[in-house]
Amino acid sequence: MTFFGNDAWWWPYVFILVAGWAATDFWRFLGVFMGDRISEESNAMVLVRTIATALVAAVIGNLIVFPGGALAATPLLLRLGAVAAGFGAYLALRQSMLAGILVAEAILIGSMMLG
């Protein structure tokens, strides 16, 4: 049972669906099962939150430095500037995540429409 093991047009979709389910749902079920047994302040939960935050930061960093689609046509300096402005807005507006996202997107979209 491999990705190229079947010639049917639907096989890659089924393979990705099953492989994606198997890779993620195990951890979700484990989280539900263990969620009540682990204190939120325990070292294990601190480690899990730290790793999850690091993974999200790595994905965002990868999307900024190596974007795809229309964002790939924008200069790196513009993307970094939009992130910096969004972070500044986040801090200036009492840690409002929505404000940070809207400012960064407004800078990106506005510069893409002008240029």
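At 80% relative accessibility, R94 counts as exposed (exposed is over 50% relative accessible area, buried is under 20%, and partly exposed is in between, using a 1.4 Å probe and protein chains only). That's a handy place to start our tour of this predicted model, where local features need pLDDT of at least 70, side-chain atom pairs count only at pLDDT 80 or more, and totals for chains, interfaces and linings use all residues. Residues are numbered from 1 along each chain as its sequence is written, and side-chain values use heavy atoms, with hydrogens and water left out.

So where does R94 sit? You'll find R94 in the loop between α3 (76–92) and α4 (97–114). Q95 is in the loop between α3 and α4 too, and with a relative accessible area of 54%, Q95 is exposed. Now for a quirk of the backbone: R94 has a positive phi of about 55° without being a glycine, and Q95, also not a glycine, has a positive phi of about 55°. Most residues other than glycine have a negative phi.

Let's zoom out. The protein has four helices and zero strands, in the order α-α-α-α from the N terminus on. Helices (H or I, at least four residues) and strands (E, at least two) are DSSP runs, numbered from the N terminus.

How is the chain spread out in space? The C-alpha atoms fill a box of roughly 50 × 50 × 20 Å along the principal axes. The protein's radius of gyration is 20 Å, while a compact globule of 115 residues would be near 13 Å; this radius is taken over C-alpha atoms, and the globule rule is 2.2 Å times the number of residues to the power 0.38. Just 11% of the 115 residues count as buried.

Is D25 buried or exposed? D25 is buried, because its relative accessible area is 13%. D25 belongs to helix α1 (residues 11–35), and R28 is found in helix α1 as well. R28, though, is exposed at 55%. The side chains of D25 and R28 are joined by a polar contact of 3.1 Å, meaning a pair of N or O atoms within 3.5 Å; within protein, one must be able to donate a hydrogen and the other to accept it, and residues adjacent in sequence count only if both atoms are side-chain atoms.

Here are the four residues side by side:

| Residue | Relative accessible area | Status |
|---|---|---|
| D25 | 13% | buried |
| R28 | 55% | exposed |
| R94 | 80% | exposed |
| Q95 | 54% | exposed |
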